[in-house]
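Student: Could we go through this structure together, slowly and with the terms explained as we meet them?

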Amino acid sequence: MADPPSCGRPCATCLLCLYSCQWITAKKEKRKGLRTTKCDCSWFLFLFCVFLFTLVWLYFAIIILNDFHNFNEFIFKQRKLWLDWSLVLLIATAVLITYSAVLLVLALCLQLCGQPLKLHWLHKTLLILTALVVAAAFTGLGIKWAEEWRSARTSLQATGPFLHIGIVGGMTLLAWPLASFIYRTRKTGLKVFLLILYCMVMIMLYLAPLGITSPCIMEENQLPPKPALVGHRGAPMLAPENTLMSLQKAVDCNVQVFETDVMVSADGVPFLMHDEELTRTTNVQDVFPERAALNSTAFNWTDLQQLDAGSWFLERRPFPTVQSLSAGDRYWAAKQRIPSLKEVLQATKQSNLSIMFDLRPENHSDYQSFVNATLEVILQSGIPLQQVLWLPDGFREQVKQQAPDIQQVYGRKRLQDEKEPLLHVNLPYQDMSSEEIRQYHRDNISVNLYVVNQPWLFSVLWCSGVSSVTTNACQVLKEMRRPIWLLPSSTYLMIWVVVDCTSFLTILWAFFLLK
């Protein structure tokens, strides 16, 4: 058997120093008779598992960025503290993955150089802490944000083919240190076990594309039309949400529907507001400090008109795009006030824009009067009723009788014993599979999914044939001319064969070269 590869004494000494936190030269290491023990092997296995665990968390962290604004709003409601927690998440995840990756690379290099794997106790402690932090993150995700597990499942439709290539490449590179270890160890049982395990994993990876499905594996001429854009509270990355400026920015983004939230003031005036309290999107704490914690509906319209609904957007910067606003847009944003539904209906009518809204809060004791007041404003506005999309479930039958031309949008899937056919549904994007979207499309049911901000997610839903998506990032999605990637089945098959064959030949080369 050939001697283990030589890395040169200075290089080996440096690797030992970084991994073991001890300045042991390669020469001294030989004199001391240091060697890799079973305990050291166990720690290397633990290191490898922690790296994979952290890598999976990195994937989740990237996926949940699509919905992270919801998390920021949740924290603000609980702690009255606004911070872009996505930056904290990404920085912390980057530190953890970098640390475990560097340690893993050091260990693999030491293995290739024939040096002992003596992991220092400090690294062991930090690895345990890393595993606990990532486990806590996954636990918190499962408890407080369980729908993100379904988001990850959706993301695999976009990333599955590329993850397969990456994993095959990583496992192929692992063949080099594995071959080095197998040829040096004298334990036949361990050799056989590692070889069988590695071969089984590679065979499963080579066959994995048989189980990978993605709606974007299709011919170019089969691509459905681009989904229409629905502005979530307008264009909240470019203007304060639920304001006339946000509506105008949404029009500039070529959205077809302005999605908003309506409340009714204490004196019966419907106005735009999402939160039950005014503290996040107005200066109510400065103007009415003793009433700041009251429900938005407890204020009369005169009080609401005194509030600044734009400065918070410039101060808290809910999206990174705020920094790139022009001086004119900043001035415009600072002058925003809470708009009434009457004002918004006039603006949407002039822009030939549809409007879709929720009526909040649904559990209010005067909810029926809210419905009546809202419906009265709509009927008096002169807007074509076909441009109004009604989301609230409460007193829906009453609305149908008084304004039958208003389009009824349901926040649920159709039932088997549906009395009348649904024409429009509005659901979270996690709630519908690609197969269901296609089936609804065949049955002439318009499907709008929310909230879709990332191009990868928009691409998957585009390929699936969704009718429209509600988005915060209309300025990004409007620029997309086609999905991020679109592969004909024949091309994907060719890539699969090339990747698997290249991997197989590289593994054979590694084992024969190091023999």
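Tutor: What follows is a short set of questions and answers about the core and some backbone details. This is a predicted model, in which local features need pLDDT of at least 70 and side-chain atom pairs count only at pLDDT 80 or more, while totals for chains, interfaces and linings use all residues. Residues are numbered from 1 along each chain as its sequence is written, and side-chain values use heavy atoms, with hydrogens and water left out.

Student: How many residues does the largest nonpolar core have?

Tutor: A nonpolar core is a set of buried Ala, Val, Leu, Ile, Met, Phe, Trp, Tyr and Cys residues joined through side-chain atoms within 4.5 Å, where buried means under 20% relative accessible area, exposed over 50%, and partly exposed in between (1.4 Å probe, protein chains only). I355, I378, I406, L449 and L461 have the most contacts inside the largest such core, and its number of residues is 68.

Student: Which residue does a cis peptide bond join to R360?

Tutor: The omega of this bond is about -15 degrees. The partner lies in the loop between β4 (354-359) and α16 (367-381), helices (H or I, at least four residues) and strands (E, at least two) being DSSP runs numbered from the N terminus. The residue joined to R360 is P361.

Student: Is N444 buried or exposed?

Tutor: N444, found in the loop between α18 (434-442) and β8, has a positive phi of about 60 degrees although it is not a glycine. Because its relative accessible area is 64%, N444 counts as exposed.
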